[in-house]
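User: I am new to this structure. Can you show me how to read its features one by one?

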Amino acid sequence: EQGYQEETNKRYNHIIQTLPKEKGWWFQNLFQCQGFWLPPHAVKSLLLLEDHFICNPSDVILATSPKCGTTWLRALVFATLNRSLYEFATHPLITANPRDLVPFLESYVYRNEPTSLPSPRLFSTHLPYTLFPDSVKGSSCRFIYVCRNPKDVFVSKWHFMNKIRSRELSTSLCLQDAFEMFQRGVSHYGPFWDHVLSYWNAYLQAPNQVLFLMYEELQRDPSVQVKKLAEFLGTPFSMEEENAGVVQEIIKLCSFENLSNLLINKDTNSDIIIKNPDFFRKGTVGDWKNLLTLEMAGSLDQATKEKLRGSGLSF
Ligand code: A3P
């Protein structure tokens with residue numbers, strides 16, 4: 001590690017001991033930091049962001065709660081922003097998982113020598129808006145947020161966690177225990193609702209700086225949403241592009257069917273804990289119906305209604 005991270009490390013070692021902690025969903029504890037439950041590496045990322053990250057006004061940060069469509073958003077934004085650079089037949093998304101094309105900000109800040117990224121730099125993050133340091137929030141960088149119905153988020157997360165647990169741990173996480181944690185907000189980067197509201201409020205205050213999308217709307221009418229993306233990025237599709245079917249090509253390239261069937265996204269050989277196939281399961285809306293009891297669904301709906309009351313946002 002380079003010297004410049006030494007002070008941050010000291011700060012981290014001190015702070016982490018003072019934070020409330022809960023047994024998490026797998027082998028890592030979650031730590032409550034400014035109201036949000038973060039895995040330990042994200043607590044450190046936050047400090048590194050505060051101490052060392054130099055935000056570029058042209059940066060574009062793709063923000064999500066885990067399981068809300070990070071992979072899809074990464075692919076769509078990468079393909080939209082760089083559409084003049086690549087042919088669809090030989091596109092980088094065919095040979096790389098979206099996480100390798102849009103770096104995770106929380107990991108990027110760990111690197112001793114940040115790689116130089118082309119401008120505008122694209123990052124992805126799970127951090128809630130309110131936790132970003134003023135150096136980021138006060139700059140003119142832009143955020144694109146995608147949220148998803150909490151019932152589907154919970155179900156997606158439960159499957160995801162158990163898939164990883166089945167490889168790394170010998171025990172699985174029972175649905176009831178997971179549900180209870182999610183409801184209490186003890187979930188990565190949660191409480192889920194507070195995460196959503198952090199970006200929703202930022203969007204209401206500065207709609208030019210924050211774009212707020214929904215997974216369900218992306219499914220319902222992807223071309224409207226992709227056009228929104230392009231406009232927000234300052235690169236609207238021209239008439240020629242629309243007539244040439246570029247929007248449809250992007251949607252097809254980034255679709256669940258296409259991405260999940262690529263060799264690179266079926267590859268289980270890497271030694272990282274979360275493997276490419278883990279990001280692809282069903283990619284549908286409403287899969288909660290296959291797992292949650294009516295009582296669980298009602299209880300989550302009630303929580304959502306209460307937490308979002310008065311915000312103007314609903315699922
Ligand atoms: P399901 O578990 O409901 O299938 P994230 O990328 O934030 O980790 O979210 C993962 C969820 O998005 C999973 O949901 C996954 O199947 C779905 N997903 C991944 N790629 C997708 C795509 N290209 N289009 C639609 N959904 C996608």
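Analyst: Start with helices. A helix here is a DSSP run of H or I with at least four residues, and helices are numbered from the N terminus. This is a predicted model. Take Asn 201: helix α10, residues 192-205, contains this residue.

User: Is Asn 201 buried, partly exposed or exposed, and why?

Analyst: Buried means under 20% relative accessible area, and exposed means over 50%. Asn 201 is at 39%, so it counts as partly exposed. Sequence distance and spatial distance are separate readings. Asn 201 and Leu 313 are 112 residues apart along the chain, with 9.9 Å between their C-alpha atoms.

User: Now the ligand. Which residues come nearest to the ligand?

Analyst: The ligand has 18 residues around it. Nearest are Lys 67, Thr 70, Thr 71, Ser 156 and Lys 282.

User: Which helix gives the most to the shell around the ligand?

Analyst: That is α3, with three residues. Helices α3 (70-81) and α15 (256-260) each supply at least two. By residue class, the shell holds eight nonpolar, six polar and four charged residues.

User: How do I read polar contacts with the ligand?

Analyst: Look for pairs of N or O atoms within 3.5 Å. In the side chain of Thr 71, an N or O atom is 2.6 Å from a ligand oxygen. The side chain of Tyr 215 has an N or O atom 2.8 Å from a ligand nitrogen. Lys 282 uses its backbone: a polar atom there is 2.7 Å from a ligand oxygen.

User: How much of the ligand's accessible area does the protein cover?

Analyst: On its own, the ligand has 570 Å² of accessible area, and the protein covers 98% of that.

User: Next, the backbone. Which residues are joined by a cis peptide bond to Pro 120 and Pro 191?

Analyst: Read omega for each bond. Ser 119 is joined to Pro 120 by a cis bond, with omega about -5 degrees. Pro 120 sits in the loop between α6 (105-108) and β5 (122-125). Gly 190 and Pro 191 share a cis bond too, with omega about 5 degrees. Pro 191 is in the loop between α9 (175-184) and α10.

User: What is phi for Lys 67 and for Tyr 189?

Analyst: Check the sign and the residue type. Lys 67 is not a glycine, yet its phi is positive, near 80 degrees. Lys 67 lies in the loop between β4 (60-64) and α3. Its relative accessible area is 15%, so Lys 67 is buried. Tyr 189, also not a glycine, has a positive phi of about 65 degrees. Tyr 189 belongs to the loop between α9 and α10. With a relative accessible area of 3%, Tyr 189 is buried.

Definitions and conventions
Residues are numbered from 1 along each chain as its sequence is written. This is a predicted model: local features need pLDDT of at least 70, side-chain atom pairs count only at pLDDT 80 or more; totals for chains, interfaces and linings use all residues. Side-chain values use heavy atoms; hydrogens and water are left out. A residue is near a molecule or strand if one of its heavy atoms lies within 4 Å of it. A polar contact is a pair of N or O atoms within 3.5 Å; within protein, one must be able to donate a hydrogen and the other to accept it, and residues adjacent in sequence count only if both atoms are side-chain atoms. Accessible areas come from the Shrake-Rupley method with a 1.4 Å probe; for residues, only the protein chains shown count as cover. Ala, Val, Leu, Ile, Met, Phe, Trp, Tyr, Cys and Pro count as nonpolar, Asp, Glu, Lys and Arg as charged, and the others, Gly among them, as polar. Buried means under 20% relative accessible area, exposed over 50%, partly exposed in between (1.4 Å probe, protein chains only).
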